[in-house]
Amino acid sequence: MDTEKCRALLAVLEAGSLSAAAEKLDYTPSGLSRMMAALEQELGFPLLSRSHSGVQPTRACQTLLPTLRELTHWSALLDAQADEIRGVETGTIAVGCVYGAYYGWLSRCIARFCEVYPGIEVQVLQGNSSQLTRAVSEHTADFCITSFREGDFDWIPLYADPMVAWLPPEHPLAGGKAFPLAAFATEPTIATYMHQDTDNARVFARAGITPNVRYTSVDSRATFAMVQAGLGVSLNNQLITRGWDTTGIVILPVDPPQYAEIGIAAPAPEELSPAAKRFLAFARQTLRTDPEAAELGKEQA
């Protein structure tokens, strides 16, 4: 099977339309459409359901997606290893990072790496921990800095991040040393990424607490502003506010203490391209020497 067609199909599904994928892949829309038709003919059934709003995978296509991702991943790995044998240092690395506290280190790491390997392109991905660890499992990301999630990848722990409560200064419990975790069951609560697999949702589930959610947001900054406005309280990772101006808000540890393990999710070494192996080794080394990253390690200790 032509893996280039498989890569194109995955790009179409990611983009949501043939025209958007064609622009990204530098194809003409008609050429990409013919490529998809040829792949459907080769397999013997439709792969795409087309409408005015874009394209969606058919049920048969959804069944094949895990295999298609594996096929394209191993094909790309073969090409990368062949390049390495020929002495060609090229490739594309996709790296994700959930926490802004690591952005400075990651950016400096990329800059130094690209000085040594100018032929290797590094892409930075965004998303929450569940999205990015899933990307690692599906081979659409080479490694990510996230909170711990179960999955088909190796895990390198970095930092035990305390979970904290955000409170308005006028809240009756704002003057205490800690915020009772059980109080989220009765206090008006602001939830970020409601109904998603977040660290705060996991904490509540482990403790058997159903928070009294009155407001929701899909952005931590928005949640922060809503707490400042006095709309309620919120449970979050302490790492989120590192470097923020926290004026107008009270941040307290929760009782009993809760933690989210921050680390690097990466495929098994044999599944990494030569470029990704180099970058991961480079990143792990600079974690020990970069001042900001080393400071987080001291906090963990």
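Which residues lie nearest the centre of the second largest pocket, and how many residues line it? In this predicted model, the second largest pocket is lined by 28 residues, and those that lie nearest its centre are Val 98, Tyr 99, Tyr 193, Ser 220 and Ile 240. The space within the second largest pocket amounts to about 630 Å³. Helix 7 (199-207), helix 8 (220-228) and strand 10 (234-237) are the elements that each give two or more residues to this lining, and strand 10 gives the most, with three residues. Sorted by class, the lining of the second largest pocket comprises ten nonpolar, twelve polar and six charged residues.

The largest pocket holds about 1,500 Å³ of space. Its lining is made up of 41 residues, of which Glu 14, Gln 123, His 139, Thr 140 and Ala 141 are the closest to the centre. Two or more residues of this lining come from each of helix 1, helix 2 (18-25), helix 4 (59-85), strand 3 (91-97), strand 4 (120-125) and helix 6 (129-137), and helix 4 contributes the most, with nine residues. The lining of the largest pocket divides by class into 17 nonpolar, twelve polar and twelve charged residues.

His 139, one of the residues closest to the centre of the largest pocket, also deserves attention for its backbone. His 139 is found in the loop between helix 6 and strand 5 (143-147), and its phi is near 65°, a positive value in a residue other than glycine. Most residues other than glycine have a negative phi, and most peptide bonds are trans. A departure from the second of these tendencies is found in the peptide bond that joins Asp 255 and Pro 256, which is cis, with omega about 0°. Pro 256 lies in the loop between strand 11 (250-255) and strand 12 (259-266).

The packing of the helices can be followed from the N-terminal part of the numbering. The axes of helix 1 (residues 3-15) and helix 3 (residues 29-43) come within 10 Å and cross at roughly 115°, so that helix 1 and helix 3 are roughly perpendicular to each other. The crossing in which helix 1 passes helix 3 is left-handed. On the side of helix 1 the contact is made by Glu 4, Lys 5, Cys 6, Ala 8, Leu 9 and Val 12, and on the side of helix 3 by Leu 32, Met 35, Met 36, Ala 38, Leu 39 and Glu 42. Taken by class, the residues of this contact are nine nonpolar, no polar and three charged.

Helix 3 is also approached by helix 2, and here the two axes come within 9 Å and cross at roughly 105°. Helix 2 and helix 3 are therefore roughly perpendicular to each other. From helix 2, Leu 18, Ala 21, Ala 22 and Leu 25 meet Pro 29, Leu 32, Ser 33 and Met 36 of helix 3, and the residues of this contact divide into seven nonpolar, one polar and no charged. Leu 32 and Met 36 of helix 3 thus appear in the contact with helix 1 and also in the contact with helix 2.

A further pair is formed by helix 5 (residues 103-116) and helix 9 (residues 274-287), whose axes come within 10 Å and cross at roughly 125°. Why are helix 5 and helix 9 described as oblique to each other? Angles of 65 to 115 degrees count as roughly perpendicular and those over 145 as roughly antiparallel, and with a crossing of roughly 125° helix 5 and helix 9 are therefore oblique to each other. Helix 5 passes helix 9 in a right-handed crossing. The residues that meet are Trp 105, Leu 106, Cys 109, Ile 110, Arg 112 and Phe 113 in helix 5 and Ala 275, Arg 278, Phe 279, Phe 282, Ala 283, Thr 286 and Leu 287 in helix 9. By class, this contact has ten nonpolar, one polar and two charged residues.

Key: Residues numbered from 1 in each chain as written. Predicted model: local features only at pLDDT ≥ 70, side-chain atom pairs only at ≥ 80, totals over all residues. Heavy atoms only, no water. Axes fitted to C-alpha atoms, helices over the stretch in contact; angles between N-to-C directions. Helix = DSSP H or I, 4+ residues; strand = E, 2+ residues; numbered from the N terminus. Parallel < 35°, antiparallel > 145°, perpendicular 65-115°, else oblique. Left-handed = near helix turned anticlockwise from the far one by under 90°. Contact = heavy atoms within 4.5 Å. Nonpolar A, V, L, I, M, F, W, Y, C, P; charged D, E, K, R; others polar. 1 Å grid on protein atoms, 1.4 Å probe; cavity = no way out; pocket = protein on both sides within 12 Å on 5 of 7 lines; lining within 4 Å. Points joined across faces, edges and corners; volume = space filled by probe spheres on them.
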